[in-house]
Amino acid sequence: MRTKIIKVRARKAFTPTKIPGAAYVINQYIGCQHACLYCYAKFMCRWYKYGKWGSWVVVKENVAKIVKNQSVKEKVYMSSVSDPYQAVEKELKLTRRVLESMNKKTRLSILTKSNLILRDIDVFREFKDIEVGLTVNGFDGKLKKEIEPFSPSNERRIEALKALKENGIKTYAFISPIIPNLVDIGELIKETKDFVNFYWFEFLNLKASGKEFRKWLRENYAESYDLISDKTKAEKYVKEVVNAIKRAKIFVKGICVHYPKPMMMK
Ligand code: SF4
């Protein structure tokens with residue numbers, strides 16, 4: 001798919017956020033070529049009318065310059081409405097330039113689905129307090145093609161975690177989106193636990209995933225849809241998964257639940 005690139009100039013780099021675990025976010029890109037069908041960030045299309053989510057990327061060209069003169073003491077999350085290592089980053093190197101310019105005392109948490117992140121290990125090493133996460137969920141084959149078409153495979157992401165760990169970078173696995181029958185949490189923990197310092201978990205945000213994803217889930221995985229959209233069943237499912245996570249004896253920073261009620265568990 002051809003990506004529409006829109007270059008803009010930003011006024012500020014850091015935006016306050018309610019995202020668990022951070023006080024600010026930095027989005028040097030808006031929009032994401034990974035085009036995950038369930039992406040909660042597609043609400044950005046309401047303001048950025050460039051077409052379907054995944055087909056365009058807004059590039060804030062001057063963010064590297066801005067962060068030279070702006071810094072924040074609280075924790076910063078990169079990024080909330082884009083993947084900092086989506087394909088366009090390979091050529092533009094905007095994320096890299098932002099990291100190079102950023103105050104190295106910034107407390108930074110980066111999350112991606114791409115092994116392109118390995119390119120920047122040398123810059124990560126300059127930061128005093130940095131953690132790097134890879135989203136893993138085990139989607140592969142036809143399932144991955146349908147709901148996560150353009151991101152690197154889960155194998156590559158796990159290899160990236162391993163390489164980061166071997167290079168002395170603090171790492172975490174972000175297990176998301178948890179969908180009944182489609183995500184095997186026990187298996188994902190087994191595959192990642194030697195390469196991560198801690199975990200975050202997130203249940204599917206069915207409401208924010210949008211009409212198209214809900215229709216896809218209902219038509220292809222009716223049982224999963226039923227389990228996650230019915231209040232009583234969803235409550236039971238969340239409880240079972242949370243108990244399984246607790247039994248796994250791993251370091252968990254947080255478990256984000258969106259339904260039946262939004263909550264953060266530890
Ligand atoms: S990688 Fe993240 S931001 Fe990008 S489309 Fe997928 S869920 Fe959305």
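## A strand with little cover

Let's start with strand E1, which is hardly covered: among its 5 residues, the count of buried ones is 0. Keep in mind as you look around that this is a predicted model.

E1 (4–8) belongs to an open sheet of 3 strands, arranged in the order E1-E5-E4, with mixed pairing. Strand E1 and strand E4 (29–30) are the edge strands, each pairing on one side only. E1 and E5 run parallel and are joined by 5 bridges, with isoleucine 6 standing opposite valine 58 in E5. E4 pairs with strand E5 (residues 56–60) in the antiparallel sense, over 2 bridges. Here isoleucine 30 stands opposite valine 58 in E5. So which residue of E5 does isoleucine 6 stand opposite? That is valine 58 again.

## A run of parallel pairings

Next, follow the strands from E6 to E10. Strand E6 (residues 76–78) pairs with E7 in the parallel sense over 3 bridges, and valine 76 has leucine 108 in E7 as its bridge partner. E7 in turn pairs with strand E8 (residues 129–136), also in the parallel sense, over 6 bridges. One place to find this pairing is leucine 111, whose bridge partner in E8 is glycine 133.

From E8 the path leads to E9: the two run parallel and are joined by 6 bridges. Valine 132 has threonine 171 as its bridge partner in E9. E9 and E10 then pair in the parallel sense over 5 bridges, and the bridge partner of tyrosine 172 in E10 is phenylalanine 198.

## How well are these strands covered?

Strand E7 (residues 107–112) has 5 of its 6 residues buried, so it is largely enclosed by the rest of the structure. Strand E9 (residues 170–178) is mostly covered, with 7 of its 9 residues buried. For E1, by contrast, the count of buried residues is 0.

## Around the ligand

Which residues surround the ligand? They are Cys32, His34, Ala35, Cys36, Cys39, Ala41, Ser82, Asp83, Lys113 and Ser151. By character, this shell divides into 5 nonpolar, 3 polar and 2 charged residues.

## Helix H10 and its two faces

Helix H10 (residues 231–247) is a good one to trace by eye. Its 17 residues reach 24 Å from the first C-alpha to the last, close to the 24 Å expected at 1.5 Å a residue. Ala234, Val238 and Ile245 are buried in H10. Seen down the axis of H10, the buried residues fall within an arc of 35°, so they line one face of the helix.

What does the buried side of H10 pack against? Its buried residues pack against helix H7 (185–192), strand E10 (198–203), helix H9 (222–229) and E11. The face turned away from the buried side carries the exposed residues Thr232, Lys236, Lys239, Glu240, Asn243, Ala244 and Arg247. After H10 comes lysine 249, whose phi is positive, near 50°.

## A buried residue and an exposed one

Two residues make a helpful pair to look at. Isoleucine 255 sits in strand E11 (residues 252–257). Is isoleucine 255 buried or exposed? It has 22 other C-beta atoms within 10 Å, and a residue counts as buried at 20 or more, so isoleucine 255 is buried. Leaving aside residues up to four places away in sequence, isoleucine 255 touches Phe201, Val242, Ile245 and Met265. Ile245 is also one of the buried residues of H10. Methionine 44 lies 211 residues from isoleucine 255 along the chain, and their C-alpha atoms are separated by 24 Å.

Aspartate 194 lies in the loop between H7 and E10. Why does aspartate 194 count as exposed? Because 10 C-beta neighbours lie inside 10 Å of aspartate 194, and 12 or fewer counts as exposed. Aspartate 194 and lysine 128 are 66 residues apart in sequence, and their C-alpha atoms are 23 Å apart in space.

Definitions and conventions: Residues numbered from 1 in each chain as written. Predicted model: local features only at pLDDT ≥ 70, side-chain atom pairs only at ≥ 80, totals over all residues. Pairing = 2+ DSSP bridges. Helix = DSSP H or I, 4+ residues; strand = E, 2+ residues; numbered from the N terminus. Near = placed C-beta within 6 Å. Nonpolar A, V, L, I, M, F, W, Y, C, P; charged D, E, K, R; others polar. Contact = placed C-beta atoms within 7 Å. Expected span 1.5 Å × (residues − 1). Arc of directions from axis to C-beta.
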